[in-house]
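Hello,

Here is the structure I promised to hand over, with my notes underneath. Could you read through them when you have a moment?

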Amino acid sequence: MRGGALVEGLGGIGLMTAEVAKASVTTRFQFREFVEQAWFIISVTLMPSILVSIPFGAVISLQVGSLTGQLGAQSFAGATAVLAVVREAAPIAAALIIAGAAGSAICSDLGSRKIREEIDAMEVLGINPVVRLVTPRVLACFFVAIMINGIVVAAGIGGGYFFTVIVQGGSAGSFLSSFTALASLNDLWIGMAKAGIFGFLAAVVGSYKGLSAGGGPSGVGRAVNEAVIIAFMLLFVLNSLMTAIYFQLVPQDGL
């Protein structure tokens with residue numbers, strides 16, 4: 001039973017993803033709803049993103065700085081720290097914040113509408129809830145995730161600079177000049193692409209669980225918990241796949 005429910009859930013998420021992607025290009029853009037949802041998502045994710053990104057950059061810089069110092073490659077501490085933040089840490093941090101804050105809020109909102117039978121009323125009136133409610137929320141998450149990723153990258157690099165140069169006594173010139181030693185513009189693009197796709201997926205999962213909620217308020221609570229857990233699992237799996245594909249398609253610079 002659990003295996004069947006899992007397959008059914010993944011299938012439903014896949015179908016909703018396809019429906020949202022189709023509605024994004026074939027239906028009238030819900031600009032007002034998009035702006036309202038984007039502003040709401042920013043309001044609940046901006047401060048956590050800034051607070052999380054600084055420790056990310058600090059921990060990475062401290063670990064990398066210690067390792068490169070032991071290997072006699074202190075001049076590459078900046079490059080490796082930036083590479084880790086831009087390519088992996090920033091998209092994951094942005095995705096987890098979007099999934100935990102925005103995805104759960106979307107699931108709770110749509111789940112509440114579902115148990116109040118507002119979704120059924122929309123369908124009776126001939127209004128597709130995926131087009132009217134889900135698509136603008138998903139596109140808003142997609143947009144905000146990319147913006148949040150940029151904030152995490154900037155704050156992470158700033159924190160890395162502080163801990164590498166100020167705390168560990170590294171060279172500011174070496175930190176800045178080594179950016180292009182390992183990292184490239186392609187790493188920034190893949191980080192942005194990851195963040196956008198992760199935000200899109202987190203919103204789809206939250207929307208699907210919200211629209212399939214039942215059993216009253218307690219059912220909405222269970223749907224929110226399930227949405228966050230499923231989103232986290234899918235994000236980590238998808239991140240591994242995207243990273244593996246990226247390594248195969250894009251040649252990596254060496255020292």
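A quick definition before the notes: a helix crossing is called right-handed if the near helix is turned clockwise from the far one by less than a right angle, and left-handed if it is turned anticlockwise. Please also keep in mind that this is a predicted model.

**The overall picture**

The protein chain has nine helices and zero strands, so the run of elements from the N terminus, by the definition of helices and strands used here, reads α-α-α-α-α-α-α-α-α. Of its 255 residues, 44% count as buried. Taking contacts between residues at least 6 apart in sequence, 85% join residues at least 24 apart.

**Helix H8 and helix H5**

I began with the pair formed by helix H5, residues 129-167, and helix H8, residues 185-211. Their axes come within 8 Å and cross at roughly 145 degrees. The crossing of H5 and H8 is right-handed in the sense given above.

On the H5 side, the contact is made by Val134, Arg137, Val138, Cys141, Phe142, Ala145, Ile146, Asn149 and Gly150. H8 contributes Gly191, Met192, Ala195, Gly196, Ile197, Gly199, Phe200, Ala203, Val204, Ser207 and Leu211. By class, the contact of H5 with H8 consists of 13 nonpolar residues, six polar ones and one charged one.

Serine 207 of H8 caught my eye in this contact. Is serine 207 buried or exposed? Serine 207 is buried, because its relative accessible area is 0%, and the cut-off for buried is under 20%. Beyond its neighbours within four places in sequence, serine 207 is in contact with Met16, Ile106, Leu110, Val134 and Val138. Val134 and Val138 also appear among the H5 residues listed above.

**Helix H8 and helix H9**

H8 also packs with helix H9, residues 217-249. Here the angle is about 155 degrees, and the axes are 9 Å apart. How do H8 and H9 run relative to each other, roughly parallel or roughly antiparallel? They are roughly antiparallel, because angles over 145 degrees count as such. The crossing of H8 and H9 is right-handed.

From H8, the residues in this contact are Asn186, Asp187, Ile190, Ala193, Lys194, Ile197, Phe198, Leu201, Ala202, Val205, Gly206 and Lys209. From H9 they are Ala223, Glu226, Ala227, Ile230, Ala231, Leu234, Leu235, Leu238, Asn239, Met242, Thr243 and Tyr246. Divided by class, the contact of H8 with H9 has 16 nonpolar, four polar and four charged residues.

Lysine 194, in helix H8, is worth a look on your screen. Lysine 194 is buried, because its relative accessible area is 0%. Leaving aside its neighbours within four places in sequence, lysine 194 is in contact with Arg87, Glu88, Pro91, Asn239, Met242 and Thr243. Asn239, Met242 and Thr243 are among the H9 residues of the contact with H8.

**Cysteines**

How many disulfides does the structure hold? It holds zero. Cysteine 107 counts as buried, because its relative accessibility is 0%. Cysteine 141 is buried too, with a relative accessible area of 0%, and Cys141 is one of the H5 residues in the contact with H8.

**Two more places to visit**

Glutamate 117 is in the loop between helix H3 (77-115) and helix H4 (118-124). Its phi is near 65 degrees, a positive value in a residue other than glycine. Glutamate 117 is exposed, because its relative accessible area is 53% and the cut-off for exposed is over 50%.

Valine 52 lies in helix H2, residues 31-71. With a relative accessible area of 30%, valine 52 is partly exposed. Once its neighbours within four places in sequence are left aside, valine 52 is in contact with Ala93 and Ile97. Valine 52 and isoleucine 97 are 45 residues apart in sequence, and their C-alpha atoms are 9.0 Å apart in space.

Happy to talk any of this over.

Best wishes

Definitions and conventions
Residues are numbered from 1 along each chain as its sequence is written. This is a predicted model: local features need pLDDT of at least 70, side-chain atom pairs count only at pLDDT 80 or more; totals for chains, interfaces and linings use all residues. Side-chain values use heavy atoms; hydrogens and water are left out. Axes are lines fitted to C-alpha atoms, for helices over the stretch in contact, and angles run from 0 to 180 degrees between N-to-C directions. Helices (H or I, at least four residues) and strands (E, at least two) are DSSP runs, numbered from the N terminus. Contact means heavy atoms within 4.5 Å. Ala, Val, Leu, Ile, Met, Phe, Trp, Tyr, Cys and Pro count as nonpolar, Asp, Glu, Lys and Arg as charged, and the others, Gly among them, as polar. A disulfide is a pair of cysteine sulfur atoms within 2.5 Å. Buried means under 20% relative accessible area, exposed over 50%, partly exposed in between (1.4 Å probe, protein chains only). Angles under 35 degrees count as roughly parallel, over 145 as roughly antiparallel, 65 to 115 as roughly perpendicular and the rest as oblique.
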